[in-house]
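Student: I would like a close look at one part of this model, the open sheet of five strands. Please take me through the way its strands are paired, and then through the loop residues that belong to the same picture.

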Amino acid sequence: MASTYVPLLYLLVAVLLMSVAHRTESAVVVVGGSKGWTTGFDYNAWASSQNLQLRVGDTLVFSDPDQSYHTVSLLDSADAFQRCTLGGSLTVHPILAGNNYSMTIPASLESKTLYAVCTVPGHCTEGQKMKAAVLPALKAAIPPTASDPNNADLNRYICWTTAILLFAVSFWNSS
Ligand SMILES: [Cu+2]
């Protein structure tokens with residue numbers, strides 16, 4: 001009877017370990033939070049208020065809750081970003097009504113600045129642009145210290161995993 005629960009227990013442990021790995025390896029960031037990707041919003045102020053720290057491998061999600069038409073393009077210079085210079089061969093990712101555009105931050109941006117803008121005429125100059133420094137992926141980063149919040153999260157997960165495991169094993173032995 002008890003042996004039929006063994007695969008379930010393994011599954012539970014695997015799921016918990018995967019959630020630990022996911023949290024420590026990459027993050028999903030909805031640009032602008034509930035405001036989304038739109039005009040008339042200060043993305044740099046938002047990024048500072050969130051203490052936003054982007055890393056290679058993190059995912060940025062661009063979406064507009066108001067479902068207006070926007071795009072996402074990455075610029076390659078601070079000057080183009082400052083002036084909203086949108087010429088040249090930009091790759092434009094349109095966001096049609098109700099859709100998102102998700103991008104995983106590529107390794108080519110490591111230790112550089114990501115400059116994202118909307119190319120719809122007037123939108124960049126109306127503030128629809130965000131710049132953010134890109135840190136190396138966590139695996140390549142300096143090992144976290146005890147005071148690192150990510151490490152605290154990890155420790156909490158390990159504690160919960162162990163507790164659940166012990167509970168499951170004791171429940172099982174008693175039945
Ligand atoms: Cu736009």
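Tutor: Two strands are said to pair if DSSP finds at least two bridges between them, and the strands themselves are DSSP runs (E, at least two residues), just as helices are runs of H or I with at least four residues, each kind being numbered from the N terminus. What you see is a predicted model, in which local features need pLDDT of at least 70 and side-chain atom pairs count only at pLDDT 80 or more, while totals for chains, interfaces and linings use all residues. Residues are numbered from 1 along each chain as its sequence is written.

The protein chain has four helices and eight strands, and along the sequence they follow the pattern α-β-α-β-β-β-α-β-β-β-β-α. The sheet you ask about is open and has five strands in the order β2-β8-β7-β4-β5, with mixed pairing. Its edge strands are β2 and β5 (93-95), each of which pairs on one side only.

Let us start from the β2 edge. Strand β2 (residues 54-55) runs parallel to strand β8 (residues 129-135), and two bridges join them: L54 stands opposite V134, and R55 has L135 as its bridge partner. On passing from β8 to strand β7 (residues 113-117), the sense becomes antiparallel, with five bridges between these two strands. Within this pairing, A116 has M130 as its bridge partner, while V117 stands opposite K129. In a regular strand, side chains alternate between the two faces of the sheet. The next step across the sheet takes us from β7 to strand β4 (residues 70-75), again in the antiparallel sense, now over three bridges, and here L75 is matched with Y115 of β7.

L75 also brings us to the loop between α3 (78-83) and β5, where G87 lies. G87 and L75 are twelve residues apart in sequence, and their C-alpha atoms are 9.9 Å apart in space. The surroundings of a residue are judged by counting other C-beta atoms, placed from the backbone, within 10 Å of its own: 20 or more make the residue buried, 12 or fewer make it exposed, and anything in between makes it partly exposed. G87 is exposed because 6 other C-beta atoms lie within 10 Å.

C84 is found in that loop between α3 and β5 as well, but C84 is partly exposed, because 18 other C-beta atoms lie within 10 Å. Leaving aside neighbours within four places in sequence, C84 is in contact (C-beta atoms, placed from the backbone, within 7 Å) with V117, C124, T125 and K129. Two of these residues, V117 and K129, have already appeared as the pair that stands opposite between β7 and β8. C84 and C124, for their part, are 40 residues apart in sequence, whereas their C-alpha atoms are 5.9 Å apart in space.

Two totals set this part in the context of the protein chain. Among contacts between residues at least 6 apart in sequence, 78% join residues at least 24 apart, and buried residues make up 17% of the 175 residues.

Key:
Two residues are in contact if their C-beta atoms, placed from the backbone, lie within 7 Å.
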